[in-house]
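Reader: I am new to this structure and would like a close look at one part of it, namely the salt bridges and the parts of the chain that they link. Could you take me through them slowly?

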Amino acid sequence: MGMVDALLPEFDHEMTTTRKVLERIPEDRFDWKPHVKSFSLGALATHVATLPTWGAETLNKSDIDIAGGQPPMALPSKAELMATFDRNVAATRAALAGRTDAELMAMWTLKRGGKTIFSMPKTAVLRSFVFSHLIHHRGQLSVYLRLLDVPVPSIYGPSADEPSF
């Protein structure tokens, strides 16, 4: 069994769960923030919806330079948020499917202004910088949902709102 055979089911599971959380985002609260230093609900949801693109970037390139990156801006509607997420998930899944172990073990480098931030095998980048990064922000979204009294879906087990899968 190749590494891709382990990564694809994990990717599919995490993206399905993430979609459930994004579906709960109330469009009329996109501007809401739990704290002045926090992203707005819409900006955080947009960040989560666009994070899968890092998977395709990782798989299709050997490095990326994020100089001049901007904080996420909220997409204008929930329909566009969901369409963006679905498109990004499909692109990354297509980039991942069929990859060889050698391709997944190739080094990938993140730079900012030409300075290396880190270099790791692509499989490690997928698991940490893409999957775990998305999971982290999905967790933040679940807290936002709770604070807005929006039912939180089950993620890795029951929630107070969904006692079973």
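Author: Arg-19 is a good place to begin: with a relative accessible area of 26%, Arg-19 is partly exposed, and Asp-86, at 32% relative accessibility, also counts as partly exposed. In this predicted model, the side chains of these two residues, Arg-19 and Asp-86, meet in a salt bridge with an N to O distance of 2.8 Å. Arg-19 belongs to helix H1 and Asp-86 to helix H4, so that the pair links distant parts of the chain, 67 residues apart.

Helices H1 and H4 are also joined by Arg-93 and Asp-12, whose side chains form a salt bridge at 2.7 Å, N to O. Because Arg-93 lies in helix H4 and Asp-12 in helix H1, this pair ties together parts that are 81 residues apart in sequence. Arg-93 is partly exposed at a relative accessible area of 32%, and Asp-12 is likewise partly exposed, at 28%.

A further salt bridge is made by Glu-162 and Arg-24, with their closest N and O atoms 2.2 Å apart. Here Glu-162 sits in the segment after H6 and Arg-24 in the loop between H1 and H2, and the two are 138 residues apart. Arg-24 has a relative accessible area of 25% and is partly exposed.

Returning to Arg-19, salt bridges with shared partners join Arg-19, Glu-23 and Asp-86 into one network. Across the whole structure, a search finds nine salt bridges.

Conventions: Residues numbered from 1 in each chain as written. Predicted model: local features only at pLDDT ≥ 70, side-chain atom pairs only at ≥ 80, totals over all residues. Heavy atoms only, no water. Salt bridge = Lys/Arg side-chain N within 4 Å of Asp/Glu carboxyl O. Helix = DSSP H or I, 4+ residues; strand = E, 2+ residues; numbered from the N terminus. Buried < 20%, exposed > 50% of the residue type's maximum accessible area, 1.4 Å probe, protein only.
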